[in-house]
Amino acid sequence: MKHPIFKSVLVLGAALTLINCSEDTPVASNPSTDDPIAVQPGENNGNLVVLDDCWLLNADSPMLIYPSGIVTDGAGNVIGTFVGTPDNGSVVSVDGSTIIVTGVNLGALTPLSPEASIPTPASSSAAALPPASSSNIQKPASSSVAAEQPKSSSSAKQEVITDGKVTITGSLDQTVAQSASTSEIKFSGLSNEPSRLSWNAYFLETSYSNGTYTIKAITVPEYFEIGEVSEFFKVEGKDYEFKINVTAKNNAADSPTVQTSSSAKSSSSQAQAKSSSSQPKSSSSAPKSSSSAANQTPASSATADINYSYGNMAPYEPIKYVSGGRSGSGWATRYWDCCKPHCAWPGKGGIKTYACDVSGNKINDDGASSMCDGGNAGTCLSQIPMIVNDTLAYAFAAVPSADGASCGKCYALKFTGKGKYETKANHKALATKTLIVMTSNVGADVSQGQFDIMIPGGGVGLFNGCSRFGWGSMGAQYGGLLTECEKEAGTAGDLRTKRKECLAKKCASTFGKDARAKEGCMFLATWYEAAGNPMHEYKEVECPTALKNKF
C-alpha cells in the first residue's frame, strides 16, 4: 500500500494569487478589501485553465478546486478530488490512495471565475457551506463545470464531473453532424466494467481498462437518421444517458458541439439496440427449419434509415453449466428458412417448441404441415435473438441431425476472436462475448461442433419457406445478406465498419415492412459484429428463463 503524502497548507488570504484566465497579467486579492492589486507572476503560477467557478489553492503548484469536488492542476488536468468539510478538507488522488493536501479551508481561498478578470467574492463564509463530499460543495458563483478541453484537437467543449466515486470526463450531451465524429467520454474510478443497456447509437464503440470505461470518439454514419438518439449505460449500479443530436451532413462543423448543461444524466435504463459491422466467409442453413412472422409491425420505409429501438432484450441470469454436459469447440453459422422447426413436430425427443403461422399466431396442431411443404406452420418470429448486455446474448439454433433428440437443450458459445475461414476485426470484436443458444431445429448440412444460429436474413439454406412474408431479397442461399456484404465491401479498408454498415442497409431494405424481422436481422449487424462463421468453445448450460419462455 502507498504511504499517504501529507502536505499541510497554510492558507493566508493575503498571500493567495488570482490568475486571470483570459489575460496574461496575474492579480492578487487583498482579503481586507474587494479591490485587486497587481502583482508579478508567482513562481508556481502561469496562465491557469479555469473550467468554471472554483477556488485557487497554491501548494507546491496551483490547484483548482471545483464545486463538484473535482481538483485540477493549473493546466486543467484532473489530479484528484476534494473530500471532507469546506473548512477542513483534503485533496486526494483520483484513485483515492494518496492524500495530496490536507487542512484546506475553502472559505479562506480565493474564488476564481472564467468570465471575470478579478476574483469573484465568496458568497458565504466557510461555515455556511455544506459538507464537501464529492459533489455538494457550494459554488462560489453559479455556472456549470464545462470549458474548452485543454488537450484535445477537437473544438468541442468538455465536462469534468463527479457522481459519487465516478469521475466523468466528456459531455453526455452532444450535437454531431452525419459523417462527423463524437467526442470521447471516460468514466473513471470504477470497480467493475459497466454494461451497455441499449443499442440506439449502434455505431458507438466502448472499451474498459484499469477502472476506466471509454466511449470512443467515433464517426456517425452518413445515413444515420437526423434527430436525437440516446444510448444508456449502467455504471456502478446507476444508469447514464448519452444523448446525441444528429444533424445533416455539411450542416455542422466536423467536430461535435457539446451541450454543457449535462451532469451525469441518469435515466431509467431501457434496452434498445442498433447496428453496425460485417464480415467474411459466412453461411449455413438447417434443413427442416423454421419461420413465421410474429407481430408484423409496419416500418416507415425500406430505406437505410436504421435509427430504431432494439426492443428484444432479456434480463441477465448467471450462467449455470451442466455438470458432465457436452462441451467442445466449433463454429457458428446462421440461417432463417421460415420452415416448421424440427422440434415443433411431435415425438422428436426433448422439449417441443411451437410453430407459428404467417401472422405470428402459435399453431396448436402438432401435425400442421410446414410452410416449406406448402403448409401454414413455420418459425415464430418471436424467436429472434435477444440481447442481454454487451457481452451476453441469447438465440435459437439448429444442430446436426444426429443430435435431433436434444430439442430444448442449451449451450454457451464463447467466441474465440477467430473465424473459421478468415479472421477480421469483426471476429476479434466477438472475443469477449458469449451467445447462449437453445436447440430448436436440426440440419442435415450442420456438422458436429457447428451451431446454425437463427437470424432473419442469415440465409435460407436447404429449404425456403419465406416467400409468404413479403420480404425483399434474402441474399445468398448460404450466408444471406452478410455474404453479399462481404463481397461488396471487398478486402481493403475498415472491413468491420464497411460490412456492418452494408448489412444495416440491407436489413432495412429487406425487412422494411416487418419491424420484428428487421430487428432480428440487425442483431447480426450490432451485437454479433457482422462476423461470419466465428469460432467458439461451447459448453452445455441450464437454459435461461428468457429462452424457455420463447421456446
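This briefing walks through a sheet, some aromatic contacts and several disulfides. The model is a predicted one. It holds 7 disulfides and 11 aromatic pairs, and one of its sheets is an open one of 7 strands.

**The open sheet**

- The strands run in the order E9-E8-E7-E6-E5-E4-E10, and their pairing is antiparallel.
- Strand E9 (99–104) and strand E10 (110–112) form the edges, each pairing on one side only.
- On average, neighbouring strands of this sheet are turned by 30° against each other, with direction ignored.
- Inside the sheet, strand E5 (residues 62–65) pairs with strand E6 (residues 70–73) in the antiparallel sense over 3 bridges. Met63 has Asp73 in E6 as its bridge partner.

**Aromatic rings and charges**

- Among the 11 aromatic pairs, Trp471 and Phe511 make an edge-to-face one, because their ring centres are 5.1 Å apart and their planes stand at 80°.
- Trp471 belongs to the loop between strand E29 (450–454) and helix H2 (480–489), while Phe511 belongs to the loop between helix H3 (495–510) and helix H4 (515–525), so this contact ties together parts 40 residues apart in sequence.
- Both partners are shielded: Trp471 counts as buried at 13% relative accessibility, and Phe511 is buried at 0%.
- Phe415, Phe523, Trp527 and Tyr528 are linked by ring pairs into a cluster.
- Two lysines sit over tryptophan faces: Lys340 over Trp345, at 3.6 Å from the ring centre, and Lys420 over Trp331, at 4.0 Å.

**Disulfides**

- Cys338 and Cys466 are joined with an S to S distance of 2.0 Å. The torsion about their S-S bond is about 100°, so this disulfide is right-handed. Cys338 lies in the loop between strand E22 (327–335) and strand E23 (355–356) and Cys466 in the loop between E29 and H2, so the bond ties together parts 128 residues apart in sequence. Cys338 is buried at 0% relative accessible area, and Cys466 is buried at 6%.
- Cys343 and Cys407 have their sulfur atoms 2.0 Å apart. With a torsion of about -85°, this disulfide is left-handed. Cys343 is in the loop between E22 and E23, and Cys407 is in the loop between strand E26 (392–400) and strand E27 (410–419), 64 residues apart. Both cysteines, Cys343 and Cys407, are buried.
- Cys356 and Cys380 are joined at 1.9 Å, S to S. Their torsion is about 90°, so the disulfide is right-handed. Cys356 lies in strand E23 and Cys380 in the loop between strand E24 (362–363) and strand E25 (386–389), 24 residues apart in sequence. Cys356 is buried at 2% relative accessible area, and Cys380 is buried at 1%.

Definitions and conventions:
Residues are numbered from 1 along each chain as its sequence is written. This is a predicted model: local features need pLDDT of at least 70, side-chain atom pairs count only at pLDDT 80 or more; totals for chains, interfaces and linings use all residues. Side-chain values use heavy atoms; hydrogens and water are left out. Two strands pair if DSSP finds at least two bridges between them. Helices (H or I, at least four residues) and strands (E, at least two) are DSSP runs, numbered from the N terminus. Axes are lines fitted to C-alpha atoms, for helices over the stretch in contact, and angles run from 0 to 180 degrees between N-to-C directions. Rings of Phe, Tyr and Trp (its six-membered ring) pair if their centres lie within 6.5 Å; planes under 30 degrees apart count as stacked, over 60 as edge-to-face and the rest as tilted. Buried means under 20% relative accessible area, exposed over 50%, partly exposed in between (1.4 Å probe, protein chains only). A charge sits over a ring if NZ of Lys or CZ of Arg is within 6 Å of the ring centre and within 35 degrees of the ring normal. A disulfide is a pair of cysteine sulfur atoms within 2.5 Å.
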